[in-house]
Amino acid sequence: MNHLARKNIQTLKPYSSARHEFEGTAEIFLDANENPFDNGMNRYPDPLQTAVKNRIQEIKGIDPKNIFLGNGSDEAIDLLMRIFCEPGKDHIITLPPTYGMYQVSADICGVEVKKINLTADFQPDVKAVLAAANKHSKILFICSPNNPTGNAIDKNSIEELIQNFAGIVVIDEAYIDFSAGESATTFIGQYPNVVILQTFSKAWGMAGIRLGMAFASEEIISLFNKVKPPYNINVLTQKTALDGMADVEGVYKKVNTILTERVRLEELLPNFSFIQKVYPSDANFLLAKVDQPNELYQFLVEKGIVIRNRSTVVLCDGCLRFTIGQPKENNLLLAALEVWRN
Ligand SMILES: *Cc1c(COP(=O)(O)O)cnc(C)c1O
């Protein structure tokens, strides 16, 4: 995949940190101009986050050699753009309606975005995507389960795109832990051009620590490591992630509560006459088509409940997005909707 990277990245000699150049064990570290007085964070963090990656391997079965960790998935998205896309020359392909960050990141980098809308049932138009691609199509972003529609993307379509798209195929699985569908991580050993994004921000309940994962071939991981800021994941984040991964069962229990609540809201929301449709969801949110979306959004804000107004997004006319909250929060939402009906 090196051949897809920008020329300046292919030839880049990366920054070599003090902790990088020394290999072995030592008692006394006088190499990095750190403060010698121990307070738990006076040392630079492990630049390759070995302990965190080893724990991810225990949980997900993915080899640390195939893992990159970023300051949120958003850092991985930004790095991908800067590794592979020559500004003003290359472009990315996105499948709207989808996550807004791909476009923003491309805009920041001066990279054009080609948009091939999803079909009416929110699946990719594989033929149209492949027809739109050329040698400057460096990255295809597929979000599955997709934000804001909530559905998982058909795995056969994903594989067909991976096999026939000449650039990098990114599958953003931020919501995979809420989905009954299978993760695309099984494609990692199989296809060198695949990048899977996952995150600690949703199911893992750690949006505040900013930690995202990218799983890919060793070749792509090396490119990430070459371009990333040397100490991109700080000591506190690495420590908190390890603490958060100690109790996997506890995390699954909360995910299950969220899933039970999603089923409850999927059943109850369509009872309101002003809710025309609730779309099927593989995520921790529901997209619903409603009468008077702007007025309802504003009404809920006045009741102290903030949801996401997606009514101006392509293929999402009249749609609002509801994140699944705690049971008592969802009850308050339902009560507010009851007031709105009357
Ligand atoms: C929430 C979300 C993310 C998470 O981004 P982080 O930077 O890891 O918090 C990534 N992709 C999608 C589609 C999301 O909705």
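**Exercise 1.** Determine which residues of H12 are buried and how they are arranged about the helix axis.

*Solution.* Step 1: the buried residues of H12 (under 20% relative accessible area, 1.4 Å probe, protein chains only) are Asn330, Leu333, Leu334, Ala336 and Leu337. The model is predicted, so local features need pLDDT of at least 70 and side-chain atom pairs count only at pLDDT 80 or more, while totals for chains, interfaces and linings use all residues. Residues are numbered from 1 along each chain as its sequence is written, and side-chain values use heavy atoms, with hydrogens and water left out.

Step 2: seen down the axis of H12, the buried residues fall within an arc of 160° (taken from the directions from the helix axis to the C-beta atoms), so they line one face of the helix.

Step 3: Lys328 and Leu332, on the other side of H12, are exposed (over 50% relative accessible area).

**Exercise 2.** Identify the polar contacts of the ligand with Asp74, Tyr175 and Lys202 (pairs of N or O atoms within 3.5 Å), then state how much of the ligand is covered.

*Solution.* Step 1: a ligand oxygen lies 2.6 Å from a side-chain N or O atom of Tyr175.

Step 2: for Lys202, a side-chain N or O atom is 3.3 Å from an oxygen atom of the ligand.

Step 3: Asp74 contributes a backbone N or O atom, 3.2 Å from a ligand oxygen.

Step 4: on its own the ligand has 390 Å² of accessible area (Shrake-Rupley method, 1.4 Å probe), and the protein covers 94% of this area.

Notes
Polar contact = N/O pair within 3.5 Å; in protein donor to acceptor, adjacent residues only side chain to side chain. Helix = DSSP H or I, 4+ residues; strand = E, 2+ residues; numbered from the N terminus.
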